[in-house]
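Good morning, everyone. Please look at the screen while I talk. I will go through the charged pairs, the core and the rings.

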Amino acid sequence: AAWSENERQAVITLAGSAGVWLAFTLYYLGALGAIASREPANLEEFLGTMKLVGGLITGFTVWVMILLAFGAVTLVADCEEKQSWPFELLSHSAQMIATPALFAIAIVAGYFTNTRLVQADMAHKVAQPWDRQGRWDVAIPLYEQAINLAPEQDQYYLFVGRAYLEAANRSTDRVEQETILNVAQGELQRALALNPLNPDHSANLARLLQRWARTTTDPNEADVRLNAADGHYETALMLNPNSAALWNEWARFDLNLRQDYEGAMSKLEKSLSLDDQFNETYAAFGDYWSQAGAAEKDAAQQRADYEKAAGYYQQAIAAESFKPDTPPSLTARLGLAAAQRALGNLDEAIASYEEVLTLAGPEYNLWSVQETLAEIYLEKGDKAKALEYANQALAAAPEADKAKVQALIEKIGN
């Protein structure tokens, strides 16, 4: 018996769907096999593998669109009661031209409005672990790949600009630093142009400009960059006035780069008024009074400043208990140790420095803490303990600093 029209429709739809599914399965398995067989020997091959992974997303999108097209044809056919499905449905020349054209437009539009965004986000996510490890040589090309795929997304420029800034901090070559900072500035300015209301973009430009000012040998040029950084901090806090962390950062900028004690104090007081449980604010107050003490000529006033600094550092450490997810502040403990040493409280200083050794991760330059402990134990007259820490510092110190530590060891031995 001849098949009914409904049976023909069902068979053709199922066969077409099965064909599309089989084609996609073969493509997907082949692509996975190609990716699994690759062992990238360099960064270029690694980025090539990332493009293959992104291609899987494109293939999936095309597969879904084809399945939707089959479903659409089937639904339209139900309304065409007088025509044989699907050939008479496409018998008119206009339909035969419009249908594949609209299908192609849908695929292209889906690729640019959805698929590329997914691929960009994938590249960004892959870059994050490399970023956290400080592998800017890998993270930066991945961020740039994300930008190429989604150039209108400001957050990718933010991340690549910040990565360039960190790479500049690691570089010891001044010419290379200038080049990297120039590129970083361009990326961060593009982020700001795309989204001028995001305070992170202004804050990152401020960080870049103050970093640049530190390496600039021309005082006039440095002053221009510091003024520009100050303006960006002002903009960032106009957009986000309730950020205690940003107020602290601006205060440190005033304190460390402009020696503006009055400006720094007013910003720290503003930060404290916003959040009196934020430990970093108390640590910043400690730094303020430590620097004030170091600059003070009067011995009594200097001691008073250091006592204030020690008190604020202790408050910073105590404030860690207010917010359970707050990590221990090494900055506060190092500041407290230095203040206690300046006050002559050597045992308290030793306790704080040794706490830093306990809390610090492997990425921290512990050799400098060990060197300081050796000096303090030598001040106390405990040469055995001083030599123990000095030897630890010598083993961990970079080659450029080993001579200095060796000189300390010789001093201990005399």
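Start at helix α6, which runs over residues 174–194. Find E187 and R190 there, 3 residues apart, about one turn of the helix. Keep in mind that this is a predicted model.

What do the side chains of E187 and R190 form? They meet in a salt bridge, 3.2 Å from N to O. Here is the general idea. Side chains of opposite charge can pair when their charged atoms come close.

Is E187 buried or exposed? E187 has 8% relative accessibility, so it counts as buried, the cut-off being under 20%. R190 has 41%, so R190 counts as partly exposed.

That pair sits within one helix. The next one does not. R341 and E375 also meet through their side chains in a salt bridge, at 3.6 Å from N to O. This pair links distant parts of the chain. R341 is in helix α13, residues 330–342. E375 is in helix α15, residues 366–380. They are 34 residues apart. How much of each is accessible? R341 has a relative accessible area of 27% and is partly exposed. E375 has 28% and is partly exposed too.

Stay on helix α15 for K380. K380 forms a salt bridge with D347. The closest N and O atoms are 2.8 Å apart. Where is D347? It lies in helix α14, residues 346–359, so this pair ties together parts that are 33 residues apart in sequence. K380 has 40% relative accessibility, so it counts as partly exposed.

Salt bridges can also join into networks. One network links E320, R333 and E355. How many salt bridges are there? The count comes to 18.

Now the inside. How many residues does the largest nonpolar core have? It has 45. I140, L208 and F253 have the most contacts inside this core. Several helices give two or more residues to it, including α3 (93–132), α5 (154–170) and α7 (199–215). α6 is on that list as well. Which element gives the most? That is α4, with 9 residues.

Take F253 and leave aside its neighbours within four places in sequence. Then F253 is in contact with Q210, L226, A229, D230, Y233 and R258. Hold on to Y233, as we come back to it.

There is also a second, separate core of 22 residues. Among its members are L255, Y288, A309 and A310.

Next, helix α9, and L257 in it. L257 has a relative accessible area of 19%, so it is buried, since the cut-off is under 20%. What does L257 touch? Without its neighbours within four places in sequence, L257 is in contact with Q210, R214, L226 and R252. Q210 and L226 were on the list for F253 as well. Now pick out D223. D223 and L257 are 34 residues apart along the chain, and their C-alpha atoms are separated by 9.9 Å.

On to the rings. The count comes to 8 aromatic pairs. One of them is Y233 with F253. Their centres are 5.5 Å apart, with 50 degrees between the planes, and the pair is tilted. Y233 is in helix α8 and F253 in helix α9, 20 residues apart, so to speak a link between distant parts of the chain. Both Y233 and F253 are buried.

Compare Y377 and Y389. Their ring centres are 5.9 Å apart and their planes are at 15 degrees, so this pair is stacked. Y377 lies in helix α15 and Y389 in helix α16, residues 383–396, so the pair ties together parts that are 12 residues apart in sequence. Y377 is buried, and Y389 is buried as well.

Which rings join Y233 and F253 in a cluster? Ring pairs link them with W247 and W250.

Last stop, the surface. W21, L22 and L26 form a nonpolar patch there. Together they have about 350 Å² of accessible area. L26 lies in helix α1, residues 5–37. Is L26 buried or exposed? L26 is exposed, because its relative accessible area is 57% and the cut-off is over 50%.

That is my tour. Thank you.

Methods. Residues numbered from 1 in each chain as written. Predicted model: local features only at pLDDT ≥ 70, side-chain atom pairs only at ≥ 80, totals over all residues. Heavy atoms only, no water. Salt bridge = Lys/Arg side-chain N within 4 Å of Asp/Glu carboxyl O. Helix = DSSP H or I, 4+ residues; strand = E, 2+ residues; numbered from the N terminus. Buried < 20%, exposed > 50% of the residue type's maximum accessible area, 1.4 Å probe, protein only. Core = buried A, V, L, I, M, F, W, Y, C linked by side-chain atoms within 4.5 Å. Contact = heavy atoms within 4.5 Å. Patch = residues over 30% accessible without salt bridge, like charges linked within 9 Å, V, L, I, M, F, W, Y side chains within 5 Å. Areas by Shrake-Rupley, 256 points an atom, 1.4 Å probe, with all protein chains shown as cover. Phe/Tyr/Trp six-rings, centres within 6.5 Å; stacked < 30°, edge-to-face > 60°.
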